[in-house]
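Here's a quick tour of a protein model, written for someone who likes to see the numbers next to the picture. Load it up and follow along.

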Amino acid sequence: MISVIIPIALLIGIILIKRIPYIGGDIKAGLAICAFSAFLLGGVYNPADWVIAWINGVDKISWVLALVLFGSIYAETQVELGTMDTVLGSLRARFGHSPKGLVASVVVSLAIAGSLLGDAIASATVVGVLVIKALDELEMSGEQIAATIVMGACLGSIMPPITQALFLSSSLMNLESPDPAINIGYITVGLAVLLVCLYVGFLFVKIKGLPEELIPKKKAHQIMAAGWKTLVPLTILILIIVLRSGFKIEVLDVLNPIFKPIKEIPIIKGIDFAVVKAILVVTIISYFFAPVRKKGGEVLRRGVKNVKESFIILVFAGLMIGAFYHAGQISTVQEFAQGLSANVLKVGGAAAMALIGMLTGSQTTTQVSIFTFFGPALATTGVDPVHAAVAGAHLAMGGQGMPPADLTTFVVAGLVGGILGKKVDPMRSMFYSMAMCVYFLIVGFIFMYI
């Protein structure tokens, strides 16, 4: 395990200890040194192998890179179209007299969007960008805004009825139906939404009320009726995703011949991702509206500029991920979990899931790599298979958001910083959102022991 501990310690140290000459506080440097130390400790000395591993690592998150880039461009089209004004105006009209009510509505909206979109990063990029300025007006810091969006979006990615985490864990447990686990998820995730609303409202929001000039004079429904045209692209996007996730109707299959040539191209194939394609479609639709069309080039440039830094960070995160896979750190953690005795299986397996989640920033990777054998092992110790599935989903969700490698936070921190024109520290944001992660880990432990 030393080959895992040292690289992670280097990463955390470089990011947190800003007094280190030249590289202190530099996330890209931390990710790179973490990766190269993993290569060396794993016995991978050939630079050619490093390049291959980097390509493979970036390829694993290629759809994230595509989502970041095209999601930012889409977000800029919505800003230019006025979607943000309509959404924010409606929120302010409905909840503007209560800052805590406004921030709670943002969390709930993000959670619902995350459930519809089926992915935390998708929710954060598609919907989160629409509420950044509203949260900024509550005098929240950039890191607090990013953490709020991340927590809301992550809640959505596990929220039933469209819950990838619970569907996957139920499948790995070979349950005949995921419904029993999902029914429990309504309670655990519902409680999580409530706790996050309270956490954000009381910890992040300090002002007592919004300035009167920021509260619209019109009612929420009046604002929506007047600005309905600005919501057309967003509505189409949500409709495409709902049909796909809820009714298994792949509306965009008609585009398959166009995307077929890039399906096997490393990294580029990330564009051939359902949500990315949906965003591309609604972005094109947005350009049919005069406000967007007139400033088409400027909108495109702003979108790219807003995520330039976060995009580069993700590329370096790909280096770290590729290194851990290529140099054997992922296998080391898997073997560590498999070698545990029955008496320590629960604690050790949960720790392994949390560690893999921290390394990869992905609950899917965590479940596939660890819960594939950890789940059935739990059942052999007497844990109810349904409870094991619930535990697996929550442990994976808790692990993926822990510092230092939460991809969702890296993405959102870049978006928040770009839109507000300020530096947002993703590590500090991760520590803010750790409260939600700890909740998920606690729930996972509870269901392993009842």
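## A lysine under cover

Lys-277 has a relative accessibility of 8%, so this residue counts as buried, the cut-off for that label being under 20%. Keep in mind that this is a predicted model. Lys-277 sits in helix α15, which covers residues 274–286. Setting aside neighbours within four places in sequence, Lys-277 is in contact with Leu-252, Asn-256, Phe-259, Ile-271 and Asp-272.

Gly-201 goes further down the accessibility scale: with a value of 1%, Gly-201 counts as buried because that is under the 20% cut-off. Its home is helix α11, running over residues 179–203. If you skip residues up to four places away in sequence, Gly-201 touches Lys-100 and Val-103. Want a distance to check in your viewer? From Gly-201 to Thr-230 you should get 29 Å, C-alpha to C-alpha, for a pair that is 29 residues apart in sequence.

Here are the two buried residues side by side.

| Residue | Helix | Relative accessibility |
|---|---|---|
| Lys-277 | α15 (residues 274–286) | 8% |
| Gly-201 | α11 (residues 179–203) | 1% |

Now zoom out. What is the chain built from? The protein chain has 24 helices and zero strands. How does its radius of gyration fit a compact globule? A compact globule of 450 residues would come out near 22 Å, and the protein chain has 22 Å, so the two agree. Along the principal axes, the C-alpha trace spans about 65 × 50 × 50 Å.

Contacts reach a long way along the sequence, too: taking contacts between residues at least 6 apart, 80% join residues at least 24 apart.

On to the inside and the outside. Of the 450 residues, 55% count as buried. In soluble globular proteins, nonpolar side chains tend to be buried together. In this model, the largest nonpolar core holds 134 residues, and the members touching the most others are Leu-135, Ile-149, Leu-155, Phe-374 and Val-416. Take Phe-374 as a sample: beyond four places in sequence, its contacts include Leu-345, Gly-349, Ala-350, Met-353, Leu-395 and Met-448, and Lys-346 is among them as well.

As for the outside, the accessible surface of the chain comes to about 18,500 Å², and 66% of that belongs to carbon and sulfur atoms. Charges round off the picture: there are 31 positive and 25 negative side chains, with the centres of the two sets 7 Å apart.

Notes: Residues numbered from 1 in each chain as written. Predicted model: local features only at pLDDT ≥ 70, side-chain atom pairs only at ≥ 80, totals over all residues. Heavy atoms only, no water. Helix = DSSP H or I, 4+ residues; strand = E, 2+ residues; numbered from the N terminus. Buried < 20%, exposed > 50% of the residue type's maximum accessible area, 1.4 Å probe, protein only. Contact = heavy atoms within 4.5 Å. Rg over C-alpha atoms; globule rule 2.2 N^0.38 Å. Areas by Shrake-Rupley, 256 points an atom, 1.4 Å probe, with all protein chains shown as cover. Lys, Arg positive; Asp, Glu negative; His and termini not counted. Charge placed at Lys NZ, Arg CZ, Asp CG, Glu CD. Core = buried A, V, L, I, M, F, W, Y, C linked by side-chain atoms within 4.5 Å.
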